[in-house]
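Work through the three exercises below with the sequence and the model open. Try each task before reading its solution.

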Amino acid sequence: MKKFSYGGTPIHEQVRDDLLDQIQDGAYVPGQALPPERKLAEEMGVSRHSVRQALSSLEAVGLIEIRHGAGIFLTASATDDAVVRVAETVVARGGSIPKILEVRRALEPYVARLAAERRTEENLRAMAPLTTYTRSGAKDGSPGESTSFHREIGKATQNPVFDGVLRILISGPRRAESILVDIPEERPVWERQHLDIFEAIQSGDGPAAESLMAAHMDAVLEAARSVQQNHFH
């Protein structure tokens with residue numbers, strides 16, 4: 001049984017880091033069920049509450065999926081070292097929305113270019129209805145999610161590393177859509193940009209998709225920085 005220290009780092013963070021290590025070491029394979037919460041708590045000698053908090057952190061960045069009534073499952077491609085390292089940074093160091101968007105700004109234009117060059121008809125069918133923000137499922141007044149649009153672009157590269165890294169960056173409480181609560185006027189602008197990006201990918205125009213995604217991410221990053229600054233004043 002692993003010994004956890006009750007001084008300094010909170011127990012649930014130690015449990016989370018231990019689970020991350022196990023995932024990286026290949027203790028679980030994508031699609032495999034993890035032990036239930038009760039068993040994890042017994043094996044680690046910690047409370048179920050600490051395990052529940054640790055699992056919530058891993059679910060927030062897309063490394064695991066908690067299916068109520070079915071179990072806890074490792075998501076596809078999560079054992080890829082690059083994906084796990086991104087997850088470690090996001091959950092352990094509390095990356096702010098602007099910091100995460102800076103990484104996305106560097107990455108996603110090239111991802112969009114590759115998607116335009118490699119997308120399949122199946123990719124396009126999945127992407128087409130996702131350019132707008134869903135109205136359902138938002139419990140905090142936010143407009144819902146359209147991060148699945150960006151995720152589908154990652155899938156269209158046919159590169160599982162891009163898919164996995166984007167899944168981590170666009171998931172959880174620091175997703176970019178959350179700032180639309182403060183700036184709802186940006187919503188139709190972003191949706192129009194999504195549609196333009198989709199049309200470039202659909203037409204196979206890599207340079208246009210790359211340029212349009214860069215402009216979109218610039219707009220989202222600028223908005224996030226503005227919202228964060230306003231919250232500190």
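The exercises concern a predicted model and cover a hairpin, an aromatic pair and a helix.

**Exercise 1.** Describe how strands β2 and β3 are joined.

Solution. Start with the direction: β2 (residues 64-67) and β3 (residues 71-74) run antiparallel, and four bridges join them. Next, take one position: isoleucine 66 stands opposite isoleucine 72 in β3. Then look at the turn: three residues separate the two strands of this hairpin, and glycine 69 there has a positive phi of about 90 degrees. Finally, turn to the side chains: the charged end of arginine 67 sits over the ring of phenylalanine 73, 4.0 Å from its centre.

**Exercise 2.** Classify the aromatic pair of tyrosine 110 and phenylalanine 162, and state which helices hold the two residues.

Solution. The structure holds one aromatic pair. The ring centres of tyrosine 110 and phenylalanine 162 are 6.2 Å apart and the planes make an angle of 65 degrees. An angle over 60 degrees counts as edge-to-face, so this pair is edge-to-face. Tyrosine 110 belongs to helix α5 (residues 97-118) and phenylalanine 162 to helix α8 (residues 160-169), so the pair ties together parts 52 residues apart in sequence. As for exposure, tyrosine 110 is partly exposed at 43% relative accessible area, whereas phenylalanine 162, at 16%, counts as buried.

**Exercise 3.** Check the span of helix α9 (residues 187-203) against its number of residues.

Solution. The helix α9 has 17 residues. At 1.5 Å a residue, the expected span is 24 Å. The end C-alpha atoms of α9 are 25 Å apart, which agrees. Buried residues of α9 include Trp190, His194, Ile197 and Ile201. After α9 comes glycine 204, with a positive phi near 75 degrees.

Definitions and conventions: Residues are numbered from 1 along each chain as its sequence is written. This is a predicted model: local features need pLDDT of at least 70, side-chain atom pairs count only at pLDDT 80 or more; totals for chains, interfaces and linings use all residues. Side-chain values use heavy atoms; hydrogens and water are left out. Two strands pair if DSSP finds at least two bridges between them. Rings of Phe, Tyr and Trp (its six-membered ring) pair if their centres lie within 6.5 Å; planes under 30 degrees apart count as stacked, over 60 as edge-to-face and the rest as tilted. Buried means under 20% relative accessible area, exposed over 50%, partly exposed in between (1.4 Å probe, protein chains only). A charge sits over a ring if NZ of Lys or CZ of Arg is within 6 Å of the ring centre and within 35 degrees of the ring normal. The expected span of a helix is 1.5 Å times one less than its number of residues.
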